[in-house]
Amino acid sequence: HKAANIGLCQDTRATTEQVLDPRTRLILFKLLQRNAFAKLEGCLSTGKEANVYYALSGDGLRDIEATKDIPTNAPLAVKVYKTSILVFRDRRRYVDGEHRFEKGYTSGKNPRKMVQLWAEKELRNYKRLHAHGVRAPRPLLLKGHVLVMEFVGSQGWPAPRLHDASLSPDEMEDAYVQTCVALRAMFSRCKLVHGDFSEYNLLWFENEIVVIDVSQSVEWDHPRATEFLRKDCANVRDFFSRKCERVLSVKALYDFVMRDGVADDEGIRSALDIARNSDSVTDQEDRVFMDAFLPRSLQDLGSWPEAAQRAVASGDNETGFDEAVGDLLGANVCSDDDASAATRSESDEDDGVHGRLP
Ligand code: ADP
Ligand code: MG
């Protein structure tokens with residue numbers, strides 16, 4: 001549907017009951033009052049965890065430093081997270097291990113605080129994608145559990161999800177390469193694992209893959225990052241193996257994403273080409289890989305990129321993963337090797353280790 005013509009979400013009952021609660025209405029009302037958007041129009045999507053609306057910017061955005069370049073009447077996407085407790089209980093596994101977010105999450109036990117945290121996480125992750133040149137909607141404004149971002153699409157028509165887009169074989173091949181590049185760039189440059197990377201959370205717009213839905217994405221040293229990454233790789237394999245030739249096995253894609261080395265798009269493209277030509281993993285081996293133990297702790301970090309190992313070992317990361325591992329391993333955490341790794345990382349400043357976001 002053309003968003004601007006809809007006016008109301010199809011599932012109006014769910015909307016009024018779960019999303020447009022009085023607090024949400026108040027936030028939207030304030031945003032309208034401040035002229036952040038001139039009009040809140042149709043609904044782009046009603047999901048289990050959020051509804052996304054189409055809006056046009058007002059001149060209020062120009063008063064804010066970060067968004068002063070946004071012209072009036074620019075198309076926006078407004079993501080409103082749902083406050084249903086049932087849904088968010090399931091999402092706990094993504095927050096556990098993220099210390100920055102864990103505190104607010106557990107201390108509150110308040111659904112409103114929890115959804116706010118998801119919105120904050122999505123804002124942080126979108127910002128990071130942007131900062132590192134991975135194509136994604138530009139986040140503009142966060143108010144409570146309402147995230148305002150750039151609209152991906154033209155003239156009110158949202159870009160299709162990869163799942164719904166009709167691509168020629170050549171375009172599909174291009175989409176596959178872009179998807180692998182994005183997955184690796186997210187890991188190596190943004191230090192993030194998407195956590196729900198699939199044809200449903202990739203848009204196809206102006207011949208480019210656009211990554212969306214990053215509220216559940218975790219830092220690369222999250223205790224379950226490797227497990228989430230393996231699933232992300234499996235989703236890519238499942239979708240593209242039905243559409244393209246020479247698609248990497250799950251294991252080869254996972255290794256490709258994790259490998260240390262060049263992280264610019266061109267470098268990634270040529271590395272991908274080599275990987276596709278030399279992938280010899282069988283389906284049987286892939287099935288074994290899906291069930292295999294993956295490195296999750298300091299002791300198992302042998303196969304992690306060096307920069308990730310240093311980030312974890314130095315303890316100078318945002319997630320406090322070292323503490324989590326400390327609980328698991330007891331006295332083994334601060335071995336001499338780790339101590340020297342920590343010293344190394346201080347002098348090796350900014351050698352691929354991402355700094356804190358404001
Ligand atoms: P959910 O958690 O509900 O899956 P998503 O972030 O994936 O939330 O958004 C749901 C849908 O809304 C997407 O599949 C896409 O069609 C649409 N959408 C989300 N963000 C944008 C955007 N910035 N521009 C255009 N459409 C968007
Ligand atoms: Mg989604």
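**Close-up 1. The shell around ligand 1 in this predicted model.** Let's start with what lines the ligand: the shell around ligand 1 divides into 8 nonpolar, 3 polar and 4 charged residues. In total, 15 residues surround ligand 1, and the closest are Lys79, Glu150, Val152, Asn201 and Asp213. Domain 1 (3–157) and domain 2 (160–294) each supply at least three residues to this shell.

**Close-up 2. Polar contacts to ligand 1, with Glu150, Val152 and Asn201 in view.** Two of the contacts shown here come from the backbone side of the protein: a backbone N or O atom of Glu150 lies 2.9 Å from a nitrogen atom of ligand 1, and a polar backbone atom of Val152 is 2.8 Å from a nitrogen atom of the ligand. Asn201 uses its side chain instead, placing a polar atom 3.1 Å from an oxygen atom of ligand 1. Taken on its own, ligand 1 has 540 Å² of accessible area, and the protein covers 89% of this. The elements that give two or more residues to the shell are β2 (50–57), β3 and β5 (146–150).

**Close-up 3. The salt bridge between Lys79 and Glu122.** Here the closest N and O atoms of the two side chains are 3.0 Å apart. Lys79 sits in strand β3 (residues 75–81) and Glu122 in helix α7 (residues 111–131), so the pair ties together parts that are 43 residues apart in sequence. Both ends are worth a look for their surroundings: Lys79 counts as buried because its relative accessibility is 9%, and Glu122 counts as buried because its value is 0%. Asp213 joins these two residues in a network of salt bridges. Lys79 and Asp213 may look familiar, as they are also among the residues closest to ligand 1.

**Close-up 4. The salt bridge between Arg189 and Asp265.** The closest N and O atoms of this pair are 3.0 Å apart. Arg189 belongs to the loop between α8 (169–188) and β8 (192–193), while Asp265 is in helix α11 (residues 265–278); the two residues are 76 apart and link distant parts of the chain. Arg189 is buried at 17% relative accessibility, whereas Asp265 is partly exposed at 33%.

**Close-up 5. The salt bridge between Arg237 and Asp283.** These side chains meet at 3.4 Å, N to O. The pair links distant parts of the chain, 46 residues apart, with Arg237 in helix α9 (residues 225–240) and Asp283 in helix α12 (residues 283–291). Arg237 is buried at 17% relative accessibility, whereas Asp283 is partly exposed at 48%. For context, a search of the whole structure finds 14 salt bridges.

Methods
Residues numbered from 1 in each chain as written. Chains lettered and ligands numbered in written order. Predicted model: local features only at pLDDT ≥ 70, side-chain atom pairs only at ≥ 80, totals over all residues. Heavy atoms only, no water. Salt bridge = Lys/Arg side-chain N within 4 Å of Asp/Glu carboxyl O. Helix = DSSP H or I, 4+ residues; strand = E, 2+ residues; numbered from the N terminus. Buried < 20%, exposed > 50% of the residue type's maximum accessible area, 1.4 Å probe, protein only. Near = heavy atom within 4 Å. Polar contact = N/O pair within 3.5 Å; in protein donor to acceptor, adjacent residues only side chain to side chain. Areas by Shrake-Rupley, 256 points an atom, 1.4 Å probe, with all protein chains shown as cover. Nonpolar A, V, L, I, M, F, W, Y, C, P; charged D, E, K, R; others polar. Domains from an automatic or database assignment.
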